[in-house]
Amino acid sequence: MDTADSGLLVKMEIVHLIKFAEKFAGIEVHLPVNGKFLKLNYSQDHFVGILRKLQQKDVTEVYIKEADCKKVLEQVSQSMSSASFYDPKTIQEQRVEAVNAAMETVKGIINQLGVEAETVKLLKTINNRAMTLLGESPSIFAFIKDFKKNCSEEFLLSILTNYIMSLVIDKFPWKSDQVKEKGALASMMCDMTLTKDDFKVLRDWQKNGGDLPEHLLRHPAEIAESLKKNRLLIPIETITIIEQHHETPDGKGFPMGITSNRFNQLSAIFIISQQFTENLHDASYDYEKRNEIIKRIHNKYGHAKMFEKAIDALMKVVA
Ligand SMILES: [Fe+2]
């Protein structure tokens with residue numbers, strides 16, 4: 001092992017890194033030991049061999065050089081457009097795993113390095129691939145079954161929100177793929193900084209109420225703030241949705257407690273689509289409960305005009 005002198009190091013989950021590892025021969029792997037980063041020795045082992053040995057020792061994350069992230073992103077991008085992804089012999093499960101690993105990897109890189117043109121492009125590709133997988137499934141419920149097993153809950157909810165949202169947007173005269181993409185980016189980034197434990201706490205709070213820790217109350221504003229630094233890459237509508245995704249028209253949401261006249265139509269559609277998806281998830285995807293769920297959403301949001309329009313459109317979609 002050598003001591004690292006490579007500047008900024010970026011944390012990566014081994015399980016995902018292995019999925020994109022085929023052409024990574026030159027990438028340095030670093031491990032934090034006693035407050036220092038140590039570079040692993042490549043003289044005997046191949047990159048994947050090193051990662052597998054670390055996994056056997058229950059190490060789940062390693063650090064790579066910022067410059068090497070580019071190679072990882074290239075691999076992620078290739079995996080999303082490779083012939084094997086579209087090969088009919090590739091089983092659905094592998095595609096789902098690939099899309100989820102791509103999402104987790106890109107999210108990790110954005111959280112540490114901020115958004116760049118390449119990462120935003122990849123988010124759009126990942127969403128497109130997920131929508132393709134959904135379109136190819138015999139039914140949305142077959143899709144959920146595949147995704148539930150092979151991807152994180154937060155990614156499944158994000159993809160389903162995007163799907164429902166795109167159908168709801170189709171009910172409006174100003175519908176377009178560009179508008180759908182703005183909403184899709186919001187759903188993929190709105191909880192981007194949350195850990196798996198944070199996400200669980202937030203979901204429990206949504207179901208049961210109570211108090212939320214300060215850092216969870218701050219996440220919509222914090223993520224929006226960091227994205228505002230890249231206004232040329234992220235549409236303002238996407239940032240507004242992220243800022244507002246936990247707000248409610250009665251002023252009891254967070255972080256700002258804004259009231260009904262501050263929401264635009266796309267934000268309202270996003271919030272309604274996300275609420276419907278999360279409620280359906282909590283009802284174990286029992287579609288018979290859709291009217292009950294819509295009624296609940298209507299009670300909470302329906303008194304504001306933008307939300308009422310969004311709920312009307314949703315009712316037409318799920319009828
Ligand atoms: Fe959130």
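**Exercise 1. Work out the handedness of the crossing of helix 5 and helix 6 in this predicted model, then how the two helices run relative to each other and what kinds of residues meet there.**

*Solution.*
Step 1. Look down on the pair: the crossing of helix 5 and helix 6 is left-handed.
Step 2. Now get the geometry. Helix 5 covers residues 92-113 and helix 6 covers residues 117-136; their axes come within 10 Å and cross at roughly 160 degrees.
Step 3. Turn the angle into a word. Angles over 145 degrees count as roughly antiparallel, so helix 5 and helix 6 are roughly antiparallel to each other.
Step 4. List who meets whom. Helix 5 brings R95, V96, V99, A102, M103, V106, I109 and I110, while helix 6 brings T119, L122, L123, I126, R129, A130 and L133.
Step 5. Sort those by class, and you get twelve nonpolar residues, one polar and two charged.

**Exercise 2. Helix 5 also meets helix 7. Find the angle, the handedness and the classes of residue in that contact.**

*Solution.*
Step 1. Helix 7 is residues 140-150, and its axis and that of helix 5 come within 9 Å, crossing at roughly 55 degrees.
Step 2. Roughly parallel needs an angle under 35 degrees, and roughly perpendicular starts at 65. Helix 5 and helix 7 are therefore oblique to each other.
Step 3. As for handedness, helix 5 passes helix 7 in a right-handed crossing.
Step 4. The helix 5 side of the contact is Q92, E93, V96, E97 and N100, and the helix 7 side is D146, F147 and N150.
Step 5. By class, the helix 5 and helix 7 contact holds two nonpolar, three polar and three charged residues.

**Exercise 3. Is helix 6 roughly parallel or roughly perpendicular to helix 8, and which residues meet?**

*Solution.*
Step 1. Helix 8 spans residues 153-169; it and helix 6 pack at an angle of about 75 degrees, with their axes 10 Å apart.
Step 2. That makes helix 6 roughly perpendicular to helix 8.
Step 3. On the helix 6 side you'll find N127, A130, M131 and L134, and these meet I159, N162 and Y163 in helix 8.
Step 4. Count by class: five nonpolar, two polar and no charged residues.

**Exercise 4. Place V115 and say whether it is buried or exposed.**

*Solution.*
Step 1. V115 sits in the loop between helix 5 and helix 6.
Step 2. The cut-off for buried is 20 or more other C-beta atoms within 10 Å. V115 has 21 C-beta neighbours inside 10 Å, so it counts as buried.
Step 3. Check who those contacts are. Leaving out residues up to four places away in sequence, V115 touches I110, V120, L227, N230, L233 and I234.
Step 4. Take I234: it is 119 residues from V115 along the chain, yet their C-alpha atoms are separated by 8.6 Å.

**Exercise 5. Do the same for I311 and V15: buried, exposed or partly exposed?**

*Solution.*
Step 1. I311 belongs to helix 15, residues 305-318. With 22 other C-beta atoms within 10 Å, I311 is buried.
Step 2. Its contacts, again skipping residues up to four places away in sequence, are I272, I294, I297, H298, Y301 and G302.
Step 3. V15 is in helix 1, residues 14-19. It has 13 other C-beta atoms within 10 Å, so V15 is partly exposed.
Step 4. Now try two distances, C-alpha to C-alpha. I311 and N41 are 270 residues apart in sequence and 58 Å apart in space. V15 and A221 are 206 residues apart in sequence and 31 Å apart in space.

**Exercise 6. Find the backbone oddities at P255, S284 and Y285, and the phi that follows helix 10.**

*Solution.*
Step 1. Start with the peptide bond from F254 to P255: it is cis, with omega near 5 degrees. P255 lies in the loop between helix 12 (236-244) and helix 13 (265-282).
Step 2. S284 isn't a glycine, but its phi is positive, about 55 degrees. You'll find S284 in the loop between helix 13 and helix 14 (290-301), and it is exposed, with 8 other C-beta atoms within 10 Å.
Step 3. Y285 isn't a glycine either, and has a positive phi of about 55 degrees. Y285 has 15 C-beta neighbours inside 10 Å, so it counts as partly exposed.
Step 4. Finish with helix 10, residues 196-208: its 13 residues reach 18 Å from first C-alpha to last, close to the 18 Å expected at 1.5 Å a residue. After helix 10 comes G209, with a positive phi near 75 degrees.

Terms used: Residues numbered from 1 in each chain as written. Predicted model: local features only at pLDDT ≥ 70, side-chain atom pairs only at ≥ 80, totals over all residues. Axes fitted to C-alpha atoms, helices over the stretch in contact; angles between N-to-C directions. Helix = DSSP H or I, 4+ residues; strand = E, 2+ residues; numbered from the N terminus. Parallel < 35°, antiparallel > 145°, perpendicular 65-115°, else oblique. Left-handed = near helix turned anticlockwise from the far one by under 90°. Contact = placed C-beta atoms within 7 Å. Nonpolar A, V, L, I, M, F, W, Y, C, P; charged D, E, K, R; others polar. Expected span 1.5 Å × (residues − 1). Buried ≥ 20, exposed ≤ 12 C-beta atoms within 10 Å, placed from the backbone.
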